Amino acid sequence: MPGTALRIRDYLSRTNVQLGATYKAGKLSTERYNAGFAAGAKYVNAEESDIVFGPSTTQLLRNVSFTLSFAEGDEIIVSSIDHEANIAPWVDLASRQKLVLKWWTPPLSPDPTTTNPNPNPQLHPSNLAPLLTSRTRLVTCTHASNILGTIHPIASIAAAVRAGPSPEALVVVDGVSYAPHRPIDVQALGVDVYAFSWYKVYGPHVAMLYAGPRAQGQMRSLGHFFKKGVNLEEKIGLAGASYELLHSIPALTTYLSSPSTWAAHISHEETLQTALLSYLTSRSDITIYGATTASSAERVATISFRVSGWASNDVVGAVEAATNIGFRWGAFYSERLVKGLLGLGDDGIVRVSMAHYNSLDEVKAFIDAMEKYVPKKE
């Protein structure tokens, strides 16, 4: 967004000094930093003491993992369809503390009675329940897979943990692939930890993590010994929030905070994904990974597929060589999903990532390019 870039430039040119000073530029710098914090907290319906900014979701979740201490033999449940950012910290935690690591791996089809050839593994309370015990201490999952695009019922998942045999277990959610497409209310979701990256939400490369009272009550501080660790920033911030990037956050939240704005974005994205999915499902040589429905209640506009007889990198190469369309291939840091559960090779899937700023004409141009440059192979 142009407004964010202007605010970053203004901060660097006028107030690029340390926080907390009493001189004029120092006061303004501190005010701007605090305003960024306030805007971020309000955006997800959290207290300022319950959020922290950092260089990436990967880093912030890793920081959280080093604050927690469980007893040997305690259990953590980790989704196997997540981005590695929300897997690696917990695998490492289980190894360090001799915990029982349980993989939450949903079936390839949410309904085993169907013959749908398109894999769509989904996280649900029903496939979580068998994993929960009195020794469960942590449950991690994604709000929307960066491969599948399917939206998971996070509020229901959190409620299932609360109603289960270990109600104080922490629910940790990666919202990176959900946040660009929907508003976030951590109180309504009932989660303990929620993280996403603002650069996915049309802003600069900075991430934000929420950790509520239940989580913070179990977290030691990673900060300097003279810091009291009274809020999340003091516990795990480690001076990782770039001041100039925080100054840009209010411009983003102003743009995104209107319910009518979100309603328009969601409706438009549904139109885009309807067009693309209609085309992809019409081709018998294409396998879609994720929901084949275009309903905005069930998926975001991140669509992955493979074309029979084509390597995914060749699909992208063929279209990019002849057009200005930008899209990608690979596993996108979801190796355990793409290569493990889905059983695909190194070239992974073709992924088309759309958002509200894309047009229907662009989608039609992509469809035309697929018809011309990626024909069906007999």
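Helix H12 covers residues 259–282 of this predicted model. How far apart should the ends of H12 be? H12 has 24 residues, and at 1.5 Å a residue these should span 34 Å. The end C-alpha atoms of H12 are 34 Å apart, so the expected span and the model agree.

Many side chains of this helix are hidden from the surface. Thr261, Trp262, His265, Ile266 and Glu269 are among the buried residues of H12. Further along the helix, Leu272, Gln273, Leu276, Leu277, Tyr279 and Leu280 are buried as well. What covers these buried residues? The cover includes three helices, namely H2 (24–43), H11 (249–256) and H15 (360–373). It also includes the strands S8 (286–289), S9 (302–307) and S11 (349–353).

Two of these covering elements, S11 and H15, appear again at the largest pocket, where each supplies at least two residues of the lining. Helix H3 (57–65) and strand S10 (328–330) also supply at least two residues each. H15 gives the most, with four residues. The space in the largest pocket comes to about 1200 Å³. Its lining has 45 residues, and Lys200, Arg328, Phe332, Arg351 and Ser353 lie nearest the centre. By type, the lining of the largest pocket divides into 21 nonpolar, 17 polar and seven charged residues.

The second largest pocket has a volume of about 550 Å³. It is lined by 21 residues, and those closest to its centre are Lys227, Glu233, Glu234, Leu238 and Ala239. H2, which helps to cover H12, supplies at least two residues of this lining, and the same holds for strand S1 (51–54) and helix H9 (232–237). Here the lining consists of ten nonpolar, seven polar and four charged residues.

The last topic is the aromatic rings. Rings count as a pair if their centres lie within 6.5 Å, and by this rule there are eight aromatic pairs. One of them joins Phe225 and Phe226, whose ring centres are 5.3 Å apart with 80 degrees between the planes, an edge-to-face pair. Are these two residues buried or exposed? A residue counts as exposed when its relative accessibility is over 50%. Phe225 is at 79% and is therefore exposed. Phe226 is at 54%, so Phe226 counts as exposed too. Elsewhere, ring pairs link Tyr33, Phe37, Phe53 and Tyr243 into a cluster.

Definitions and conventions
Residues are numbered from 1 along each chain as its sequence is written. This is a predicted model: local features need pLDDT of at least 70, side-chain atom pairs count only at pLDDT 80 or more; totals for chains, interfaces and linings use all residues. Side-chain values use heavy atoms; hydrogens and water are left out. The expected span of a helix is 1.5 Å times one less than its number of residues. Buried means under 20% relative accessible area, exposed over 50%, partly exposed in between (1.4 Å probe, protein chains only). Contact means heavy atoms within 4.5 Å. On a 1 Å grid over the protein atoms alone, a cavity is a set of points where a 1.4 Å probe fits but cannot get out, and a pocket is an open set with protein on both sides within 12 Å along at least five of seven lines; lining residues have an atom within 4 Å of a point. Grid points are joined across faces, edges and corners, and a volume is the space filled by probe spheres set on the points. Ala, Val, Leu, Ile, Met, Phe, Trp, Tyr, Cys and Pro count as nonpolar, Asp, Glu, Lys and Arg as charged, and the others, Gly among them, as polar. Rings of Phe, Tyr and Trp (its six-membered ring) pair if their centres lie within 6.5 Å; planes under 30 degrees apart count as stacked, over 60 as edge-to-face and the rest as tilted.
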